[in-house]
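Biologist: I would like to go through this model and ask for the reasoning behind each label. Please show it first.

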Amino acid sequence: MPIPIKGERDGLVLALDALYVETASPDETIAALQAYLEQHGAFFRGGHVILETGEEAFDREFLQRVIDTLHAHALRTVALRGHHPETRAAAHALGLELPFVPTAHPTDTMASAVDEGAPALIVRRTLRSGQRVEYEGSVVVWGDVNAGAEIIAGGDIFVWGALRGVVHAGAFGDETAVVAALRLEPTQLRIGGLIARAPDEHQRPRWRFWKRQRPQPEIARAVDGMIVVEAVRMDR
């Protein structure tokens with residue numbers, strides 16, 4: 001059985017999802033990988049491997065077995081590319097990098113709350129801690145984005161509520177993307193390759209919000225290599 005390993009600019013890619021589909025069980029998947037590496041492993045020795053898992057759900061134990069099998073043949077597993085939340089959580093627990101993987105549908109557990117027929121991905125509820133949404137275009141949330149939640153979008157991000165989580169707009173490098181929210185208090189905000197973090201608790205200008213009778217909508221955009229936050233005037 002041919003093992004789908006291919007070379008890319010960032011290293012070797014093992015299409016674990018394709019291999020798993022072709023075998024009948026996790027044990028057979030590991031056995032097939034082991035047999036292939038025993039025959040051809042010298043060719044890849046010393047390489048860095050990215051596991052490609054697609055939509056497949058793999059637990060931590062199985063991923064660890066794959067990593068150990070590769071390690072036994074002097075191959076280092078460095079990252080995982082996949083969409084399934086269980087697989088990504090297992091990879092994170094194992095210390096693997098999780099690069100952004102564009103997808104045409106949301107990758108968190110809130111698929112029932114999403115309208116995929118719109119030009120932008122619309123999430124019709126609050127994102128809670130631990131929930132994550134990735135989309136190749138813009139993302140609109142009708143609700144809050146709580147601390148611990150994350151949005152990664154190829155385009156803009158609009159939150160019709162409080163934004164307190166982690167967001168990355170223009171994830172493909174588009175620094176013309178914007179992030180807007182009715183209350184903009186993100187833990188981390190990225191636009192393209194630029195990044196801004198919330199200040200330490202003792203540095204936060206609490207008085208700024210205290211002086212307002214109600215929070216004011218704000219928009220963040222990239223200007224001259226910096227992320228600038230501006231108030232959105234609602235009286236025009």
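Biologist: How many helices and strands does the protein chain have?

Modeller: The protein chain has five helices and 16 strands. Keep in mind that this is a predicted model.

Biologist: What share of the residues in the protein chain is buried?

Modeller: Buried residues account for 45% of the 236 residues. The accessible surface comes to about 12,800 Å², and 51% of that belongs to carbon and sulfur atoms.

Biologist: Why is the pair of Tyr20 and Phe62 called edge-to-face?

Modeller: Two values decide. The centres are 6.0 Å apart, and the cut-off for a pair is 6.5 Å. The angle between the planes is 65°, and edge-to-face requires over 60 degrees. Both conditions hold, so the label is edge-to-face. The structure holds four aromatic pairs.

Biologist: What makes this pair a link between separate parts of the chain?

Modeller: Tyr20 sits in helix α1 (residues 16-22), while Phe62 sits in helix α3 (residues 60-71). The two parts are 42 residues apart in sequence, so the pair ties them together. Ring pairs also join Tyr20, Phe58 and Phe62 into a cluster.

Biologist: Tyr20 and Phe62: which is buried and which is partly exposed?

Modeller: Phe62 has a relative accessible area of 6%. Buried means under 20%, so Phe62 is buried. Tyr20 has 26% relative accessibility. That value falls between 20% and 50%, so Tyr20 is partly exposed.

Biologist: How do you know that Arg81 and Glu52 form a salt bridge?

Modeller: Their closest N and O atoms are 2.6 Å apart. The limit is 4 Å, so the pair qualifies. By this rule the count comes to eight salt bridges.

Biologist: Where in the chain do these two partners lie?

Modeller: Arg81 is in strand β4 (residues 76-82) and Glu52 in strand β3 (residues 48-54). They are 29 residues apart, and the pair links distant parts of the chain.

Biologist: Why are Arg81 and Glu52 labelled apart in burial?

Modeller: The 20% cut-off runs between them. Arg81 has 18% relative accessibility, so Arg81 counts as buried. Glu52 has 21%, so Glu52 counts as partly exposed.

Biologist: What makes Glu134 and Arg88 a salt bridge?

Modeller: The N to O distance is 3.3 Å, and the rule asks for a distance within 4 Å. So the pair is a salt bridge. Glu134 lies in strand β7 (residues 132-135) and Arg88 in helix α4 (residues 85-93), so parts 46 residues apart in sequence are tied together. Both Glu134 and Arg88 are buried.

Biologist: Which residues are linked with them in a network of salt bridges?

Modeller: The network links Arg88, Arg132, Glu134 and Glu150.

Biologist: Arg221 and Glu230 also meet in a salt bridge. Why are both called partly exposed?

Modeller: Arg221 has 30% relative accessibility and Glu230 has 35%. Both values lie between 20% and 50%, so both residues count as partly exposed.

Biologist: Which residues form a nonpolar patch on the surface?

Modeller: Trp142, Trp160 and Leu182 form it, with about 350 Å² of accessible area together. Trp142 is in the loop between β8 (139-141) and β9 (150-153).

Biologist: What makes Trp142 eligible for a patch?

Modeller: A patch residue needs over 30% relative accessible area. Trp142 has 45%, so Trp142 passes that cut-off. At that value Trp142 counts as partly exposed.

Key
Residues numbered from 1 in each chain as written. Predicted model: local features only at pLDDT ≥ 70, side-chain atom pairs only at ≥ 80, totals over all residues. Heavy atoms only, no water. Phe/Tyr/Trp six-rings, centres within 6.5 Å; stacked < 30°, edge-to-face > 60°. Helix = DSSP H or I, 4+ residues; strand = E, 2+ residues; numbered from the N terminus. Buried < 20%, exposed > 50% of the residue type's maximum accessible area, 1.4 Å probe, protein only. Patch = residues over 30% accessible without salt bridge, like charges linked within 9 Å, V, L, I, M, F, W, Y side chains within 5 Å. Areas by Shrake-Rupley, 256 points an atom, 1.4 Å probe, with all protein chains shown as cover. Salt bridge = Lys/Arg side-chain N within 4 Å of Asp/Glu carboxyl O.
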